[in-house]
Amino acid sequence: MSHPGVPSGTDDVAAPVRPEPAATGRHWSLPRPPQLPLPLTGAAIYAGIRVLSVVIGAFLLRSGKFSDRHWSIVRWMRAADGGHYLAIAAHGYTYPPGQLAHASVFSFFPAYPAAMRVLAWLPGVTLIGAGLAVTAIAGLAAAWGITTLGMKLTADPRISLLMVAVWAVAPAATVLEMLYAEALFCALAVWALIALVDRRWLTAAGLTIAAGTVRSTAVALVAAVLVAAAAALIEAARTRQHLAGWWRPLAAALLAPLGVLGFLGYDAIRTGRLDGWFWIENHTFHMVFDWGTSTLQELRRIFLDAGGVPGLLVALAIIAGALLMLWSLTERIPPYLHVYTVLVVVMALMSSANWIGSKPRFILPAFLLALPVARLLAPLRTSVLVPLIAVLTALSTWFGLYLIVIGRWAP
């Protein structure tokens, strides 16, 4: 038989009774945060580290011996090479007539000040604001790329994210929030290497050309393209592939050096010397390639003749970079990635030591040095990693500020 209120034809079973909510209150839970794409998470980690670094820097500049120097955050962010980039962005490549030996602007590649000048066309944007915007955007693009490259090499999200974090707390990482070209170069370099891994030859060549207009370190990137292209061409010849199998790597090999060569050619025309850029580097900054002899002599002086705190900090950073380079060779990654990493470090260490304080910055584009360190840290729990990265951020910020503010060494 049917019960009242139950439609005819249904089973004679009592409907389940839902419990009434407790009168004493409700249990609330926070919604789970949305799952971000892994590269975006890497960029967010990088942004968090940079913001924390700026906050720590602002605190340090108003504390202790730092406060005696009366530096503002803006002065810190535009210091040293920032002044050269601002001058080029404002006035182009000009120098006092008859004083070519002092024409230091010709040492600085044009892409970063050009990007500053383009952004400064926007209403209300100053050259300093434009430069910091370029640095910030390029840093995020580099972090996104490092995460992507890490996934292609390891297929491990945790290691990929840690690569970004380790790179972002490197000793010279404070230049990633200053008017320096390193962030832009690293962004172009990492995406060029990603294109090589994906065998997108023309994309890799285009990005390498662009990187060659940012820093001379692009020589290492050109070498990576040449090694990768040579391997592809040898394979194409061995398997007797048709034109479609080898013309792109050949084109990449021919095109990749054009960025660096273009600026060297411009300097040659402006100075009236084929070796114009190298001559300016030598006569303005006393920088030459000396196979590392002056670097070794300077390290010896620092350790044996009491080189002072700034010298000791830089020496330890240099030694750490060299050891990490050797450690990175144990990674099973494509040979052209090893070529890029080794050449970045070798170029940094084997140039003269007149600006030894800048050598940790010269090593910064070797972001694959972070890979073995990330593998080492990956088993640690997140509750350990987060405070560890925060402490390393503080140390990195202190390192960069101490060198430039207290030691008065250019980063």
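Me: Which helices each supply at least two residues of the lining of the largest pocket?
Reply: Helix H4 (81-91), helix H10 (218-238), helix H12 (258-271), helix H13 (276-285), H16 and H17 each do. Bear in mind that this is a predicted model. H13 gives the most, with six residues.

Me: What makes the largest pocket a pocket, and how many residues line it?
Reply: A pocket is an open set of points, whereas in a cavity the 1.4 Å probe fits but cannot get out. This one has a volume of about 930 Å³. Its lining counts 36 residues, and Arg-215, Ser-216, Trp-277, Glu-281 and Met-287 are the ones nearest its centre.

Me: What is the lining of the largest pocket like by class: nonpolar, polar or charged?
Reply: It divides into 25 nonpolar, seven polar and four charged residues. Two of the residues nearest the centre, Arg-215 and Glu-281, count as charged because Arg and Glu are on the charged list.

Me: How do you know which helix has the largest share in the second largest pocket?
Reply: By counting lining residues: H15 comes out ahead with seven. Helix H7 (157-168), H17, helix H18 (370-377) and H19 are also among the helices that each bring at least two. The volume of this pocket is about 680 Å³, and 28 residues line it, with Val-166, Val-169, Ala-170, Pro-171 and Leu-324 nearest the centre. By class they are 26 nonpolar, two polar and no charged.

Me: Why is H15 called oblique to H19?
Reply: Helix H15 (residues 308-328) and helix H19 (residues 382-406) pack at about 135°, their axes 10 Å apart. That angle makes H15 oblique to H19, because roughly perpendicular ends at 115 degrees and roughly antiparallel needs over 145. The crossing is left-handed.

Me: Which residues of H15 and H19 meet, and what are they by class?
Reply: On the H15 side there are Val-309, Pro-310, Leu-313, Val-314 and Ala-317, and on the H19 side Trp-398, Phe-399, Tyr-402 and Leu-403. The contact has nine nonpolar residues, with no polar and no charged ones. Tyr-402 is part of that nonpolar count because Tyr is listed as nonpolar here.

Me: Why is H1 called oblique to H19?
Reply: For helix H1 (residues 38-61) and H19 the angle is about 50°, with the axes 9 Å apart. This makes H1 oblique to H19, because roughly parallel is under 35 degrees and roughly perpendicular starts at 65. H1 passes H19 in a right-handed crossing. H1 contributes Ile-49, Leu-52, Ser-53, Ile-56, Gly-57, Leu-60 and Leu-61, while H19 contributes Ile-389, Ala-390, Thr-393, Ala-394, Thr-397, Trp-398, Leu-401 and Val-405. By class there are 11 nonpolar, four polar and no charged residues in the contact. Gly-57 of H1 is counted as polar because the scheme puts Gly there.

Me: What makes H5 oblique to H6?
Reply: The axes of helix H5 (residues 111-120) and helix H6 (residues 127-154) come within 8 Å and cross at roughly 120°. That puts H5 oblique to H6, because the roughly perpendicular range stops at 115 degrees. The crossing is right-handed. Tyr-112, Ala-115, Met-116, Arg-117, Leu-119 and Ala-120 of H5 touch Leu-127, Ala-130, Gly-131, Ala-133, Val-134 and Thr-135 of H6. The class split is nine nonpolar, two polar and one charged.

Me: How many cavities of 30 Å³ or more does the structure hold?
Reply: Two. The largest has a volume of about 50 Å³, and the second largest about 40 Å³.

Me: What lines the largest cavity, and what comes from H19?
Reply: The lining is Pro-171, Ala-172, Thr-174, Val-175, Gly-357, Pro-360, Arg-361, Phe-399, Gly-400, Leu-403 and Pro-411. H19 provides the largest share, three residues, and helix H17 (359-363) also supplies at least two. By class there are seven nonpolar, three polar and one charged. The charged one is Arg-361, because Arg is on the charged list.

Me: What lines the second largest cavity?
Reply: Ser-328, Glu-331, Ile-333, Leu-337, His-338, Thr-341, Leu-368 and Leu-371 do. Helix H16 (residues 335-350) gives the largest share, three residues. The lining divides into four nonpolar, three polar and one charged.

Note on methods: Residues are numbered from 1 along each chain as its sequence is written. This is a predicted model: local features need pLDDT of at least 70, side-chain atom pairs count only at pLDDT 80 or more; totals for chains, interfaces and linings use all residues. Side-chain values use heavy atoms; hydrogens and water are left out. Axes are lines fitted to C-alpha atoms, for helices over the stretch in contact, and angles run from 0 to 180 degrees between N-to-C directions. Helices (H or I, at least four residues) and strands (E, at least two) are DSSP runs, numbered from the N terminus. A crossing is left-handed if the near helix is turned anticlockwise from the far one by less than a right angle, and right-handed if clockwise. Contact means heavy atoms within 4.5 Å. On a 1 Å grid over the protein atoms alone, a cavity is a set of points where a 1.4 Å probe fits but cannot get out, and a pocket is an open set with protein on both sides within 12 Å along at least five of seven lines; lining residues have an atom within 4 Å of a point. Grid points are joined across faces, edges and corners, and a volume is the space filled by probe spheres set on the points.
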